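Visitor: I should like to learn how to read the features of a protein model. May we go through them one at a time?

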Amino acid sequence: MSRDAGGGPAKRPRALERASVGWPRALRELKDLLYEVYLAAGAPSLDVIAREIAAEDDSLLGLPSRDTIRRCISGSVLPPGQADVVAVAVVLARYAAWDRQDLAARVRGLWVEARMAKGAGRPIEEFDDELVLADLEVHPALDSGATRDRLSVLPAYVPREFNGRLDTLVAAATAGQSGIAVLVGGSSTGKTRALWEAARKLPDTWRLWHPIAPTRPDALLAELPDIAPRTVVWLDEAQDYLGPDPLGEQVAAGLRNLLHDVRRGPVLVLATLWPQHWATLTTRTDQDRHAHARQLLRGHRIDVPDVFNDADLTALTATAGSDPRLVEAAERAPAAQITQYLAGVPVLMDRYQTAQGATRHLINAAMDARRLGAGPNIPLAWLADAVPGYFTDTEWNATGDWLPQALDYVTRECNGIPGILTPVKTGTPRNHRDHRPTAVSESTPRYSARDTAGSHYQLADYLDQYGRRHRADQVPPIDFWTAAATHAHPADLYALGDAARKRGLYRDAAQLHKRATTHGDSHAPAALVDLLHSLHPTDPKPAQWAAAHVNLGDSDSVVSLLESLTAAGADEQTTALLARNPAAHVSLGDSDSVVSLLESLTAAGADEQTTALLARNPAAHVNLHHPYDVASLLESLTAAGADEQTTALLARNPAAHVNLDSLWNVSVLLKHLTAAGADEQAAALATRAAAHGALDDLLGVTILLVCLTAAGADEQAAALATRAAAHGALDDLSSVSVLLKHLTAAGADEQAAALATRAAAHGALDDLSSVAALLKHLTAAGADEQAAALATRAAAHGALDDLLGVTILLVCLTAAGADEQAAVLAARAGTHVALDNPHKGGQLAERPRMAVMYDQAAALTAGAAALDDLSFEGWLLARLTAAGAVDLHDPYVVGALLDSVTGAGADEQAAALAAWAGAHVSLDDPHKVGQLVEKLRMAGADDQAAALAARLPAAGRFTQFITMIDDPKQFRFGREPDGSAAPSWGWEDLE
């Protein structure tokens, strides 16, 4: 080796930097593989690698230069010569004692795959109007009669006020900034068309991808790593992607990572949701099933009104002359519901309302199928077998061959609008490159011809929404459920069974879950065992059957079944399941599955299976980029006493490889590295995270700061605090408040002041409850200047869609003496919040929803609001309810009002509230409903309490229902759809 002028030893060349690659996936995997073998080889110098390549025999075709070698290992683009990359890999493999031939084959394969990569979706320029209708699911417009031949498929677009926000997002994406927009509105309000009009403004170099098959979340997860920069991810009906458990949260987490990965941007996520689906995905619950979805969606909502406002109507008038369809809509659409008219909603509703007999039952059966868990494509055989159960005996005896006539009615087009039911083709998707023949194995469920053959139909979108709202109190008849077990798509069986179980239809639930198990569903085996064990605890047959049929390739299913078998004391069946060797079937590339199975096997004392799983060397397969996966595996290996595997995992140096997108996950890994005694790696990770960790989640930043402080990494904690104060995201002021409190408690006054100043000047104002919380913290901390700045901004620009949040902020501003800002905010809120005495103070325990009908609220509370001796909470709720600011469907609101008016002796208002509650209060929150039932009983409203309880089963709250009745034992075996107690049944009664 050379020496310097002083004759001392030469300095070792600094190791090459790791390549930063976002897309394509194969290139990222190629670069990761090369860098891993490079480190395993001891990070030899470029000269050494070049010399060794030159010294190899003629088996190596490549002869790269030093610069080419550097680009092969550290460059972010694909090297043009495959032979050069292979030559580098072979030499490094020899130094690292890796299998040279195996590595060379892997490198060749990844190079070819990267070279062929195009990205998900198709170029936007390929989308014409016909493809927009077929692939993007834009509603077709009504027919214009005589002029139909000279009109385009889509009517001329009328820009509306909300389109401006979409245009801003598209302009930012064109300039290189990733983003997401979620249009929230009812069916047929123009959401999907508006997204297309925005997307078509992107340059032709962009692609658009609409993942659909085999299921929407499966399709998205399968190709998520292959999304190229400059791609639109199209999520029409986003609840179908984000709602399913557990795939929905995986989708949301993957999309969050995609949007935050600057290497893969710009990308644009465009989504639509109905308001009720938005509420489901963004409302925090005790189980918090949609935490990632909430984080993904929050702050990106764009409301699409049901009706055109004056400005929209003016734009319509200016545009309509060129398109007679718009002229007709402007003249005839009721209540300015232009888009609904164009989509044929009045026609559809008229045809539904006038449908009689079997035809009406057919439509209702389709509505029930969709709202209870069926996918969009409903088998006709299911509907045909279900409909007879909807008839009365008299109707059925008078009915002949009903299906042809009913089907003709519901599928008939009218004015160019598709019918109530539209036939669809199912089966293998066309022109999808990700379709591959699947080899049959014990762990791969296959659908039979019966499952997928036959005619399928889609229910019109608006009638789907209508059915969810207007048939929510109906439980379909027995024939519906038995037909579902026979004909429903395998992917829908578990959801349908769960819907049956929640309504007390235990026998139907068991049958559906049994069928779902045979098709490899993750949740069904455990659900089947749990239900049957609760009914027949001494019958071993359900456990035996589930153990024999569970899909071994789905470790989540195996793990949940093991837990259920253990809870049932089914030792023999547990042994039978373990004898099927699930450890041999789990995918080592799926770290979550490996960890959950390892933990389950360890807990079950299955030493032989645990050893078999460890022998497959999971430490060598975990993705080192994912800190949570590494931390989970490290924890599980330690708990299993797998010291050799733990050492092997740490030898791969995960601290140097994990990405820093989620500091919450980084903190978990840091904790486990410290617990494993890997102090050097823990210190290295702490330094990397402090210097380069993502700052988009300040709650994660706070967690890591706590972790760093506990580990004594004060220098890194200070560096992270300084970065977060100067550059942390300000889109979630509740997280800002948490970080501020931590910084203040830690004595980081300078960083706290910097963050407070930034938050006051630039913090998001979409959640005024969070604004109020931050304002309180700033005031308590003596940050008067920042508090005043925040108050002024919030008063002038804060979102007004959460009227109770407005009220909370008004109270906060008044308490802080910010009367001028309170007046500005009150003036903006206008008639939405009619508070004539905000100085009374106080704070509500909850934030009720806001969908009340003004006239009903005013009628029920006008007298109560005038009473002098109401409690403040009762007074405030009465005023808010009468103003339409809170929702009288909320059982908390009704309960609080009932307490107040009852205590004030307002018997008339109390009776009106009780009657309202029994018939109309929302059943979404069982805990609130239970509390309201007790309040009604205490108020002497026993009939109304019983009426409220009786509504619970149809709403999927049967468990709560049986806790509120006098004789729950009558329903030991569940209930029938007509509400009667189910007779005794057992395993032998299932098909």
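Visitor: How many bridges join strand β8 to β9?

Guide: This is a predicted model. In it, strand β8, made of residues 421-424, is joined to β9 by 4 bridges, and the two strands run antiparallel. One pair of partners can be named: Leu-421 has Leu-459 of β9 as its bridge partner.

Visitor: Which strand pairs with β9 over 2 bridges?

Guide: That strand is β7, residues 378-379, which pairs with β9, residues 456-459, in the antiparallel sense. Here Ile-378 stands opposite Tyr-457 of β9.

Visitor: In what order do the strands of the 6-stranded open sheet follow one another?

Guide: The order is β1-β3-β4-β5-β2-β6, and the pairing within this sheet is mixed. The edges are held by β1 (122-123) and β6 (301-303); each has a single partner strand, so one side of each has no neighbour in the sheet. Inside this order, β2 (residues 179-184) and β5 (residues 267-273) pair in the parallel sense over 6 bridges. Ala-181, for example, has Leu-270 of β5 as its bridge partner.

Visitor: How many helices and strands does the protein have?

Guide: The secondary structure comes to 51 helices and 9 strands.

Visitor: Let us turn to charged side chains. How many salt bridges does the structure hold?

Guide: The general idea is that side chains of opposite charge can pair when their charged atoms come close. The structure holds 30 salt bridges. One of them joins the side chains of Arg-66 and Asp-47, with a distance of 2.6 Å from N to O. Arg-66 belongs to helix α3 (residues 66-74) and Asp-47 to helix α2 (residues 46-55), so this pair ties together parts that are 19 residues apart in sequence. Arg-66 is partly exposed, at a relative accessible area of 38%, and Asp-47 is also partly exposed, at 42%.

Visitor: Where do Arg-501 and Asp-498 lie?

Guide: Both lie in helix α25 (residues 493-502), 3 residues apart, which separates them by about one helical turn. Their side chains meet in a salt bridge of 2.7 Å, N to O. Arg-501 counts as partly exposed, with 32% relative accessibility, whereas Asp-498 counts as buried, with 14%. The reasoning rests on a cut-off: a residue is called buried when its relative accessible area is under 20%.

Visitor: With which residue does Arg-515 form a salt bridge?

Guide: The partner of Arg-515 is Glu-991, and their closest N and O atoms are 3.3 Å apart. Arg-515 is in helix α26 (residues 506-518), while Glu-991 is in the segment after α51 (958-962), so the pair ties together parts that are 476 residues apart in sequence. Arg-515 is buried, at 16% relative accessibility, but Glu-991 is exposed, at 63%.

Visitor: Which residues are linked in a network of salt bridges?

Guide: Arg-193, Glu-197 and Arg-200 are linked in such a network.

Visitor: I should now like to consider the surface. Which residues make the nonpolar surface patch of about 290 Å²?

Guide: The patch is made by Trp-664, Leu-699, Ile-703 and Val-738. Among them, Trp-664 is found in helix α35, residues 663-675, and is partly exposed, with a relative accessible area of 40%. For the protein as a whole, the exposed area is about 44200 Å², of which carbon and sulfur atoms supply 51%.

Visitor: What share of the 991 residues is buried?

Guide: Buried residues make up 51% of them. As for contacts, among those with a separation of 6 or more, 72% join residues 24 or more positions apart.

Visitor: Finally, what is the mean pLDDT of the protein?

Guide: The general idea is that predicted coordinates should not be read in detail where pLDDT is low. The mean for this protein is 85, and 88% of its residues reach 70 or more. Over residues 1-11, however, pLDDT stays under 50, and the model has 5 contacts beyond four places in sequence for them. Residues 431-453 also have pLDDT below 50; this stretch has 29 contacts in the model beyond near neighbours in sequence.

Terms used: Residues numbered from 1 in each chain as written. Predicted model: local features only at pLDDT ≥ 70, side-chain atom pairs only at ≥ 80, totals over all residues. Heavy atoms only, no water. Patch = residues over 30% accessible without salt bridge, like charges linked within 9 Å, V, L, I, M, F, W, Y side chains within 5 Å. Areas by Shrake-Rupley, 256 points an atom, 1.4 Å probe, with all protein chains shown as cover. Salt bridge = Lys/Arg side-chain N within 4 Å of Asp/Glu carboxyl O. Buried < 20%, exposed > 50% of the residue type's maximum accessible area, 1.4 Å probe, protein only. pLDDT = per-residue confidence, 0-100. Contact = heavy atoms within 4.5 Å. Pairing = 2+ DSSP bridges.
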